[in-house]
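Student: I have the model open and would like to work through its charged side-chain pairs and its strand pairing. Could you take me through them step by step?

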Amino acid sequence: QVKPVESGGGLVQPGGSLRLACAAEGLSDYSIGWYRKAPGEEREFVAAITGSGERTFYQDSVKDRFTISRDNAKNTVYLQMNSLKPEDTAVYYCNRVFVVLDKPTPYGSWGQGTQVTVSS
């Protein structure tokens with residue numbers, strides 16, 4: 001599988017916003033999840049979206065702040081992040097996922113990720 005390419009990270013102040021993008025050829029055929037990894041911590045699930053965009057899933061700590069969406073014509077999945085907090089600081093990755101019983105599980109190749117830093 002072609003590794004996804006993440007972009008859109010950067011440095012932002014608390015309360016600010018960023019929009020991340022995940023792109024790869026053929027991405028529209030798959031359910032996609034966003035994950036993040038902070039230094040010294042394990043990778044954790046953030047959000048996921050089904051192939052046609054009809055269902056979304058969120059970690060409780062980001063629900064009502066983050067929104068996952070997709071533009072299948074562009075083979076791109078987005079993560080709009082609002083009201084960012086310092087604890088959101090991490091490298092963010094996207095990956096292909098299986099969704100079974102409403103539980104996203106990654107199975108594809110991990111890309112480089114994009115760094116998100118929330119600090120004043």
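Student: How many salt bridges does a search of the whole structure find?

Tutor: The model is a predicted one, and side-chain atom pairs count only at pLDDT 80 or more. Pairing of this kind is expected in principle, because side chains of opposite charge can pair when their charged atoms come close. With the search run over the whole structure, the number of salt bridges found is four.

Student: Which residue meets Glu 44 in a salt bridge, and is that residue buried or exposed?

Tutor: The salt bridge of Glu 44 is made with the side chain of Arg 36, at 2.7 Å from N to O. Glu 44 itself is partly exposed, with a relative accessible area of 31%. For Arg 36 the relative accessible area is 5%, and since buried means under 20%, the residue asked for, Arg 36, is buried.

Student: How many residues apart in sequence are the parts that Asp 88 and Arg 36 tie together?

Tutor: The side chains of Asp 88 and Arg 36 meet in a salt bridge at 3.0 Å, N to O. Asp 88 lies in the loop between E8 and strand E9 (90-100), whereas Arg 36 belongs to strand E4 (residues 31-37), so the parts that this pair ties together are separated in sequence by 52 residues.

Student: What is the distance between the closest N and O atoms of Arg 65 and Asp 88?

Tutor: Both Arg 65 and Asp 88 are buried, and the two form a salt bridge in which the closest N and O atoms are apart by 2.8 Å. This pair links distant parts of the chain, 23 residues apart, with Arg 65 in the loop between strand E6 (56-58) and E7, and Asp 88 in the loop between E8 and E9.

Student: Which residues are linked in a network of salt bridges?

Tutor: Arg 36 meets Glu 44 and also Asp 88, while Asp 88 in turn pairs with Arg 65. Following these contacts from one side chain to the next gives a network whose members are Arg 36, Glu 44, Arg 65 and Asp 88.

Student: Turning to the strands, which are the edge strands of the open sheet of four strands?

Tutor: The strand order in this sheet is E1-E3-E8-E7, with antiparallel pairing. Within it, six bridges join strand E3 (residues 18-23) to strand E8 (residues 76-81), and Ala 23 stands opposite Thr 76 in E8. The strands that pair on one side only, and are therefore the edges of the order E1-E3-E8-E7, are E1 (5-7) and E7 (66-71).

Methods
Residues are numbered from 1 along each chain as its sequence is written. This is a predicted model: local features need pLDDT of at least 70, side-chain atom pairs count only at pLDDT 80 or more; totals for chains, interfaces and linings use all residues. Side-chain values use heavy atoms; hydrogens and water are left out. Two strands pair if DSSP finds at least two bridges between them. Helices (H or I, at least four residues) and strands (E, at least two) are DSSP runs, numbered from the N terminus. Buried means under 20% relative accessible area, exposed over 50%, partly exposed in between (1.4 Å probe, protein chains only).
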